[in-house]
Amino acid sequence: MLENDPSPASRASQQGQDKYPDAGYTRNLCFVLPDGCRIYFGYGYIVSCAYNPEANTITIAFTSHKVTIGGYNLLDLYESLMNQTARIIATSDERYHSLNKTECLVSYITIVENEQ
């Protein structure tokens, strides 16, 4: 009401954000696969995260799974993971990769359960 906007619509747009607005304590990281399936892990279960610019990959080792993300311009995504601000990571359609050479584009996400 103070901003002359009595509707909660302005708050609704923040719910679908790909990043958390600031640093915090309990956070989850959601992966959206090409078939629409989703899986999330808690940031507290990340053991390590490695960025390889030559292979254009990020490898995240969780206590129970290993996630490999491949794509283009992944440095910003790696830094978001390091700062625990990334919230949702989704693959993008291959046809958009030739159009956008400067943005972070995720080509594939593989999730493998660690052997016990």
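**Close-up views of a four-stranded sheet and its pocket**

**View 1. Strand 5 and strand 7 lie side by side in this predicted model.** Strand 5 and strand 7 pair in the antiparallel sense over eight bridges; two strands count as paired if DSSP finds at least two bridges between them. Helices (H or I, at least four residues) and strands (E, at least two) are DSSP runs, numbered from the N terminus. Look for Lys-66, which stands opposite Val-112 in strand 7. Strand 5 is mostly covered, with six of its eight residues buried (buried means under 20% relative accessible area, exposed over 50%, partly exposed in between, using a 1.4 Å probe and protein chains only).

*Notes for all views.* In this predicted model, local features need pLDDT of at least 70 and side-chain atom pairs count only at pLDDT 80 or more, while totals for chains, interfaces and linings use all residues. Residues are numbered from 1 along each chain as its sequence is written, and side-chain values use heavy atoms, leaving out hydrogens and water.

**View 2. Strand 4 and strand 5 form a hairpin.** Two residues sit between these strands. Strand 4 (residues 57-62) and strand 5 (residues 65-72) pair in the antiparallel sense over five bridges. Try finding two of the partners: Ile-60 is bridged to Val-67 in strand 5, and Thr-57 to Gly-70.

**View 3. Four strands make an open sheet.** Follow the order 3-4-5-7, with antiparallel pairing. The edges are strand 3 (46-52) and strand 7 (105-113), each pairing on one side only. From one strand to the next, the twist averages 15 degrees (axes are lines fitted to C-alpha atoms, for helices over the stretch in contact, and angles run from 0 to 180 degrees between N-to-C directions). Helix 2 (residues 75-82) lies across strand 3, strand 4, strand 5 and strand 7, running at about 160 degrees to strand 3.

**View 4. Ser-48 is found in strand 3.** Ser-48 is partly exposed, with a relative accessible area of 39%. Leaving aside residues up to four places away in sequence, Ser-48 touches Thr-59, Ile-60 and Ala-61 (contact means heavy atoms within 4.5 Å). The C-alpha atoms of Ser-48 and Thr-59 are separated by 8.1 Å, although the two are 11 residues apart along the chain.
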